[in-house]
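Me: I would like to go through this protein chain step by step, beginning with its surface and ending with single residues. Please reason briefly before each answer.

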Amino acid sequence: MAGSATFDDHPSKLLKVGKGFSLKALDPESTPGYDGEKPDGEQLLDALDDKLARLQEQLFAESRFGGTKRILLILQAMDTAGKGGIVTHVMGAMNPHGVQLKSFKAPTQEEKSYDFLWRIEKEVPAAGMVGVFDRSHYEDVLIHRVHRWASPEELERRYRAINEFEARQTGAGTKIVKVMLHISRDEQKQRLLARLDDPAKLWKYSGGDLKERAFWADYMDAYQKAFDKTSTEQAPWHVVPANKKWYARIAVQQLLLEALESLKLQWPVPDLDVDMERELVLRS
C-alpha cells in the first residue's frame with residue numbers, strides 16, 4: 001500500500017561521508033535507507049510536510065525571543081541533478097518568510113576582487129532562518145580544481161578556509177547540512193535530452209552544461225577531494241543518490257527534519273499574564 005514504507009531512523013548517519021568513503025562506489029540508482037517505491041516516497045514526502053513546517057516555525061519563533069539557532073542547507077551537484085526540485089518540493093513546505101535562498105552564480109568583478117568567501121559570508125542565514133545555498137563556496141574548489149584556475153597550494157588554502165568558516169558558523173548556532181546530489185553520467189544525458197524535447201523545459205538547457213559534461217571524471221575526482229578535505233564533525237558531507245528524483249527529495253527532507261529535531265526546539269513563552277490578556281481581548 002502506498003505510504004506504508006518508512007525511511008531509516010538516522011539518515012544523517014546513513015548518508016554521511018565517513019572515513020574511507022568512495023564516491024565511485026556509490027550507485028546513483030540506489031535508495032539507501034528506503035525500500036519503498038515511487039508512490040510510497042511521494043506520499044511520505046507529502047505526509048511530513050506539516051512536521052517540517054512546524055519545526056521551521058518553532059525555529060523562527062525561538063529567534064523572536066533571543067534564540068540564535070539557524071539551519072544552512074548547502075546543495076551541490078552536477079547540472080540537472082535536481083537542486084531546483086529540492087527547493088520546490090522540500091523547501092516549498094516551509095513558510096517563505098523563514099527561508100533565505102541564495103543561488104550563487106559566477107562571481108562579479110567586485111566579488112573577484114575579494115577573497116572567495118567574502119560573498120558567501122554576506123549570505124549566511126540570520127537567527128531563526130533556514131538558509132539554502134544553491135551552489136556555494138564549494139564551486140571555488142570544484143570548478144577551479146577541474147579547470148586548474150587555482151594552484152594546488154591555493155586549493156589547499158581554500159579547503160582550510162572553508163573548514164574554518166564552517167566551524168565559525170556552527171559555533172554561532174548554525175546547523176550546517178551539506179548535500180551532494182549524485183547522479184550518473186547516463187542519467188544526466190537523459191535529463192539534458194528531456195530538456196531539449198520538452199518546450200516547458202527548453203529554457204533550462206544551456207550549452208555550458210554540455211561543455212562541463214566533458215569533464216565528468218575530473219568533477220568526480222574534485223568532489224571526492226572536497227569530501228576528503230572538508231567533511232568534518234561539525235559540518236559533515238552527505239551524498240544522496242539522485243537518479244531517482246523522488247528518493248533524493250525525501251532523503252533531503254529527512255536530513256532537514258533530523259537537523260531541526262537535533263536543535264531541540266521549544267515554543268517560546270512570552271513574559272505576560274495570559275489570563276489578564278485574555279480578559280482584555282474579551283473586553284475589546
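Me: What share of the accessible surface of the protein chain belongs to carbon and sulfur atoms?
Reply: The model is a predicted one, and its values are computed from the atoms. The accessible surface of the protein chain comes to about 14,800 Å². Of that area, the share that belongs to carbon and sulfur atoms is 51%.

Me: What radius of gyration does the protein chain have, and why does it agree or disagree with that of a compact globule?
Reply: Along its principal axes, the C-alpha trace spans about 70 × 50 × 40 Å. For 284 residues, a compact globule would be expected to have a radius of gyration near 19 Å, so the value for the protein chain agrees with that rule. The radius of gyration of the protein chain is 20 Å.

Me: Which percentage of contacts between residues at least 6 apart in sequence joins residues at least 24 apart?
Reply: The secondary structure of the chain comprises 13 helices and 5 strands, and buried residues account for 47% of its 284 residues. Among the contacts that link residues at least 6 apart in sequence, the portion joining residues at least 24 apart is 83%.

Me: Which helix gives the largest share of the largest nonpolar core?
Reply: The largest nonpolar core has 78 residues, and those with the most contacts inside it include L73, V179, L181 and F227. The largest share of this core amounts to 11 residues, and these come from helix 12 (residues 245–262).

Me: Which residues does L181 contact, leaving aside its neighbours within four places in sequence?
Reply: L181 is among the residues with the most contacts inside the largest nonpolar core, as are V240, Y247 and L256. Leaving aside neighbours within four places in sequence, L181 is in contact with Q76, A77, A81, G82, K83, I86, V240, A242, A248 and V252.

Me: Is T174 buried or exposed?
Reply: T174 lies in strand 4, which covers residues 174–182. Not counting residues up to four places away in sequence, T174 touches R70, L72 and Q169. Its relative accessibility is 4%, under the 20% cut-off, and T174 therefore counts as buried.

Me: How far is the C-alpha atom of P11 from that of P32?
Reply: P11 has its place in helix 1 (residues 11–15), and because its relative accessibility is 2%, P11 counts as buried. Beyond its neighbours within four places in sequence, P11 is in contact with Q254, L255 and E258. P11 and P32 are 21 residues apart along the chain, and their C-alpha atoms are separated by 8.8 Å.

Notes: Residues numbered from 1 in each chain as written. Predicted model: local features only at pLDDT ≥ 70, side-chain atom pairs only at ≥ 80, totals over all residues. Heavy atoms only, no water. Helix = DSSP H or I, 4+ residues; strand = E, 2+ residues; numbered from the N terminus. Buried < 20%, exposed > 50% of the residue type's maximum accessible area, 1.4 Å probe, protein only. Contact = heavy atoms within 4.5 Å. Rg over C-alpha atoms; globule rule 2.2 N^0.38 Å. Areas by Shrake-Rupley, 256 points an atom, 1.4 Å probe, with all protein chains shown as cover. Core = buried A, V, L, I, M, F, W, Y, C linked by side-chain atoms within 4.5 Å.
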